[in-house]
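Student: I have a structure open and would like to talk it through. Can we start with the ligands and then turn to the fold?

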Amino acid sequence: MEGNQLFPVFIKLNTIHTVLIGAGNVGLEKLSALLSNSPEAKVTVIGLEVIPEIQELAAGFDRVNIQNRAFKAEDLDYADLVIAATNNAQLNEEIRVQADLRHLLVNFADKPDLCNFYLGSVVKKGDLKIAISTNGKSPTIAKRLKEVLDESIPEELDTTLQQMNTLRNSLQGDFSSKVKKLNEVTEILTKDLK
Ligand SMILES: C[C@@]1(CC(=O)O)C2=NC(=C\c3[nH]c(c(CCC(=O)O)c3CC(=O)O)Cc3[nH]c(c(CC(=O)O)c3CCC(=O)O)/C=C3\N/C(=C\2)[C@@H](CCC(=O)O)[C@]3(C)CC(=O)O)/[C@H]1CCC(=O)O
Ligand SMILES: NC(=O)c1ccc[n+]([C@@H]2O[C@H](COP(=O)([O-])OP(=O)(O)OC[C@H]3O[C@@H](n4cnc5c(N)ncnc54)[C@H](O)[C@@H]3O)[C@@H](O)[C@H]2O)c1
């Protein structure tokens, strides 16, 4: 099968419990990604060793709990989503087995084959968010494309979004007439594509 077959979703991390195993530099990157997108995320970080930068980052977020100890299978009993950033291949295998037993989604920072979801590179402008995946082929290209889109999408797009939301909430009539109106007023955005 060719092409990217990943199904993108946007998760409300504040409504679930994420367990992050591994608290080194990669763990820090993953925790930063979680919190920059979802500052209200409930996250438990477990690491035999926890680097100071993780402690410092976590100190600013009430719902992040650091456990300075070894992983145990029961840690997944209260997890909804799992991210592993350990330096131990055998432990990764064990985490995958334990996650499967509990029907959990799990991500491994350095082992795409073990993952059942990937993190994406993220562009954010107010309420707008774009997530990029290269199907694991080149995270660097995902990062570069994020930079390109971040520069080229005007900040004003968020103002447009807010205005459209006001209009959307104020429209009267049946569903199809509302959809027609919303599409009419946004037609200008794609006029150069035709
Ligand atoms: C998007 C982003 C999100 C995030 O992590 O938050 C992300 N990686 C980012 C950066 C990045 N990661 C790495 C480099 C160094 C260059 C390189 O190695 O290529 C750079 C870029 C750089 O620094 O230039 C190392 C690396 N990453 C993976 C492997 C293993 C492998 O490929 O086998 C290795 C080698 C490890 C080693 O050799 O030890 C695997 C994955 N990385 C993914 C996501 C998933 C696929 C995403 C996609 O579909 O594109 C996937 C499959 C799983 C996952 O981690 O979810 C984030 C962008 C940050 C931003 O937006 O600024
Ligand atoms: N550093 C990078 O840029 C990079 C990039 C991509 C992938 N990777 C890979 O990702 C992995 C993590 O990288 P890192 O630099 O964060 O490594 P690291 O050694 O700094 O961190 C590993 C973490 O896993 C924890 N850990 C190990 N065994 C544990 C156990 N039984 N229970 C709980 N915690 C345990 C350690 O205590 C530590 O907190 C490595 O396999 C690395 O090859 C690294």
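Student: Which element gives the most residues to the shell around ligand 1?

Tutor: This is a predicted model, so read it as such. Two elements, H1 and helix H4 (139-152), give two or more residues to the shell around ligand 1. The top contribution is 5 residues, and it comes from H4.

Student: Which residues come nearest to ligand 1?

Tutor: The surroundings of ligand 1 comprise 21 residues. By class, 8 are nonpolar, 9 polar and 4 charged. The nearest are Leu119, Ser121, Thr134, Gly136 and Pro139.

Student: What does the UniProt record say about residues 126-147?

Tutor: The span is 41% helix and 23% strand. Its end C-alpha atoms lie 16 Å apart. The entry is unreviewed, and its annotation for these residues reads "domain: Siroheme synthase central".

Student: Now ligand 2. Which element gives the most residues to its shell?

Tutor: Ligand 2 has 20 residues around it, and Gly22, Gly24, Val26, Gly47 and Leu48 come nearest. E1, H1 and E2 each supply at least two residues of the shell. The element that gives the most, with 4 residues, is E2.

Student: How many charged residues does the shell around ligand 2 have?

Tutor: Sort the shell by class. Nonpolar residues number 10 and polar residues 8. The charged residues number 2.

Student: On to the sheet. Which strands stand at its edges?

Tutor: The sheet is open, its 5 strands pair in parallel, and their order is E3-E2-E1-E4-E5. An edge strand here has a single partner strand, so one side is left without a neighbour in the sheet. That applies to strand E3 (64-67) and strand E5 (105-108).

Student: By what angle are neighbouring strands turned against each other?

Tutor: Take the average over neighbouring strands of this sheet, and ignore direction. The value is 15°.

Student: Which helix packs on the sheet and touches E1?

Tutor: Look at residues 25-37. This helix touches E1, strand E2 (42-50) and E4, and its direction makes about 155° with that of E1. It is H1.

Student: Which residue of E4 is the bridge partner of valine 19?

Tutor: Strand E1 (residues 17-23) pairs with strand E4 (residues 81-84) in the parallel sense, over 4 bridges. The partner of valine 19 in E4 is valine 82.

Student: What stands opposite valine 82 in E5?

Tutor: E4 and E5 run parallel and are joined by 4 bridges. In E5, the residue opposite valine 82 is valine 106.

Student: Are the side chains of Leu81, Val82, Ile83 and Ala84 buried or exposed?

Tutor: Leu81 and Ile83 point one way from E4. Val82 and Ala84 point the other way. Both pairs are buried.

Student: Is glutamate 29 buried, exposed or partly exposed?

Tutor: Glutamate 29 is found in helix H1. Its count is 13 other C-beta atoms within 10 Å. A residue is buried at 20 or more and exposed at 12 or fewer. The count falls in between, so glutamate 29 is partly exposed.

Student: How many Å apart are glutamate 29 and glutamate 53 in space?

Tutor: In sequence, the two are 24 residues apart. In space, taken from C-alpha to C-alpha, the distance is 10 Å.

Definitions and conventions:
Residues are numbered from 1 along each chain as its sequence is written. Chains are lettered from A and ligands numbered from 1 in the order in which they are written. This is a predicted model: local features need pLDDT of at least 70, side-chain atom pairs count only at pLDDT 80 or more; totals for chains, interfaces and linings use all residues. Two strands pair if DSSP finds at least two bridges between them. Axes are lines fitted to C-alpha atoms, for helices over the stretch in contact, and angles run from 0 to 180 degrees between N-to-C directions. Two residues are in contact if their C-beta atoms, placed from the backbone, lie within 7 Å. A residue is near a molecule or strand if its C-beta atom, placed from the backbone, lies within 6 Å of it. Ala, Val, Leu, Ile, Met, Phe, Trp, Tyr, Cys and Pro count as nonpolar, Asp, Glu, Lys and Arg as charged, and the others, Gly among them, as polar. UniProt positions are given in the numbering used here, feature names are shortened, and annotations may be inferred rather than shown by experiment.
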